[in-house]
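Hi everyone, thanks for making time this morning. I'd like to walk you through one model, starting with the whole chain and then going into a few helices.

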Amino acid sequence: MITFLIGVAILIGGYFTYGKFVEHVFGPDNRNTPAIQNPDGVDRMVLPHWKNVLIQLLNIAGIGPVIGVILGIKFGAIVFILLPIGNVFGGAVHDYFSGMISMRNNGVNVPALSRKFLGKGPSKVVMALISVALILVGAVFTNTPAALINTPIIAGSAVSPTLFWIAVGVIFAYYFASTFFPIDKIIGRIYPVFGGLLIIASLGILIGIAPQINTLDEFSFSNILSNFTQHPAHQPILPMLFVTIACGIISGFHSTQSPLVARTEKTEHTGRQTFYGMMIVEGLIGMIWAAGGMYIYHQMPELITGASGVKVLSELVSTVIPFAPISILVVVGVIVLAITSGDTSLRSLRLTIAELFNIDQKSTRNRLILIVPMFAICALLIFWSNLNPEGFNILWNYFSWSNQLMAVCSLSVAVVYLRSKKKNFWIALIPCMFMTFITCDYILWVSPENLKGAPLGFGLDYKTALVIALHDAAILGFLLCTRGKILSQMPNYNADYWDPAKDLKK
């Protein structure tokens, strides 16, 4: 319990200390935001701050801080320390700069910002990566909530493939509507309700495990190395922990969501609450579900090997909350987490493509032109992944890796932005280099031979992969610092203003 409480204290204290420092480095001011400067009635419009906070939280808090941490807690109590540290110094910094740099540049997405700050060549790579990742999010976050709907807690004895596919159809139809209509018509209206369900779900688990919270494992200070060898399948913490618990520590997917809210904020001064603060809240949610995961593994040791995340979640909820109406609400809250990330991922992809090809989104016709092929590809992936026994696992593994590579892209933008303005770029450079190391190490080492059920990677020896990944991180750090310095010396270069005619040609 002490380790758990220390982790919670790191998260809360980090918001009021390091979060304030990060805000000071960026320097929010009273300039007009995109919602005031360039409103379009579809994506850029002022929404109440309390709605923006809830939208941001629900956008970023997918199934990662629930199922991800339930699987991630298999690494042991070290998760209660690494999760909050990574959140405060990595994930929250990533989310804050993703939102604030976008807000300074008319609310554009990471690929367009990459064109401006990283150059034309790198931005093509970023665009391809993020497009693939967002399509994968749409597919994965349709499958997972549909599978949760088809659990005994929700469906009872009616669990069947038919119910699963009905759920897939309903969720997919909602995704289409939320991607197509103006942000205030659907997302702005129903997210407060979804936010309430999320709070109920997390509080339900916390209350359920509270009587046994003193039985949680503790971080071993007497034998530090033992904390790194506790995974039952002997997975190495580097890189596997930071891929498994992406959403609670740092997640590149968040950089595709922060610009959505950057377009609806009234003032820059609320940015720390909206972007940095909601990542901290997601970290707290992750801590609760990690504690729940540790509790259920103690109660049912057989779940720690082989059981899916959905299966473990179902057992956890039914065990700690035996009262059926409340347990159903808790699972519905988790379903909401997945759905509220899937819908905005596809909305973000529409906007990303529109920005790079300068397609006006006020037009209904233009929105349909972009949405129809996007959804067709996503539907094919969903159909294929459910025909192939290993289809979903393949999608999930590649999404996990590409998700963290997106974090490298958005942090790279932040490094160059800060360096070009001669500000403290180290606060973005250090997490950027660390995530470069993690993603390179993962793809270099992972393979079915090195890790059972893993996707295809290069399959190198573990130590060799570590050395090469460190080398790659150092090279990227040097290149980003050089790029930022060059931009800082360019006359009339404005990092805080978006000019499509100029910036999209860089």
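So, to start us off: how many helices and how many strands does the protein chain have? The count is 22 helices and zero strands. Please keep in mind that what you see on the screen is a predicted model.

Let's take the overall dimensions next. Along the principal axes, the C-alpha atoms of the protein chain fill a box of roughly 65 × 50 × 40 Å. For 506 residues, a compact globule would have a radius of gyration near 23 Å, and the protein chain, at 22 Å, agrees with that. As for burial, 60% of the 506 residues count as buried. You may also like the contact statistics: taking contacts between residues at least 6 apart in sequence, 82% of them join residues at least 24 apart.

Now for some individual helices. Is helix α14, residues 254–262, largely enclosed or not? Nine of its nine residues are buried, so α14 is largely enclosed by the rest of the structure. If you want to find them on the screen, the buried residues of α14 are His254, Ser255, Thr256, Gln257, Ser258, Pro259, Leu260, Val261 and Ala262.

On to helix pairs, and I've picked two. The first is α2, residues 18–26, with α6, residues 79–104: these helices pack at an angle of about 30°, and their axes are 11 Å apart. An angle under 35 degrees counts as roughly parallel, so α2 is roughly parallel to α6. Their crossing is right-handed. Which residues make the contact? From α2 we have Tyr18, Val22, Glu23 and Phe26, and from α6 there are Val88, Phe89, Val93, Tyr96, Phe97, Met100, Ile101 and Arg104. By class, that contact has 10 nonpolar residues, two charged and no polar.

The second pair is α4, residues 49–60, with α17, residues 324–356. Here the packing angle is about 95°, with the axes 7 Å apart. That angle falls in the range of 65 to 115 degrees, and α4 and α17 are therefore roughly perpendicular to each other. On the α4 side, the contact is made by Leu58, Asn59 and Ile60, while α17 brings in Val336, Leu337, Thr340, Ser341 and Thr344. How do these residues divide by class? There are four nonpolar and four polar residues in the contact of α4 with α17, and no charged ones.

That's my tour, so over to you for questions!

How values were computed:
Residues are numbered from 1 along each chain as its sequence is written. This is a predicted model: local features need pLDDT of at least 70, side-chain atom pairs count only at pLDDT 80 or more; totals for chains, interfaces and linings use all residues. Side-chain values use heavy atoms; hydrogens and water are left out. Axes are lines fitted to C-alpha atoms, for helices over the stretch in contact, and angles run from 0 to 180 degrees between N-to-C directions. Helices (H or I, at least four residues) and strands (E, at least two) are DSSP runs, numbered from the N terminus. Angles under 35 degrees count as roughly parallel, over 145 as roughly antiparallel, 65 to 115 as roughly perpendicular and the rest as oblique. A crossing is left-handed if the near helix is turned anticlockwise from the far one by less than a right angle, and right-handed if clockwise. Contact means heavy atoms within 4.5 Å. Ala, Val, Leu, Ile, Met, Phe, Trp, Tyr, Cys and Pro count as nonpolar, Asp, Glu, Lys and Arg as charged, and the others, Gly among them, as polar. The radius of gyration is taken over C-alpha atoms; the globule rule is 2.2 Å times the number of residues to the power 0.38. Buried means under 20% relative accessible area, exposed over 50%, partly exposed in between (1.4 Å probe, protein chains only).
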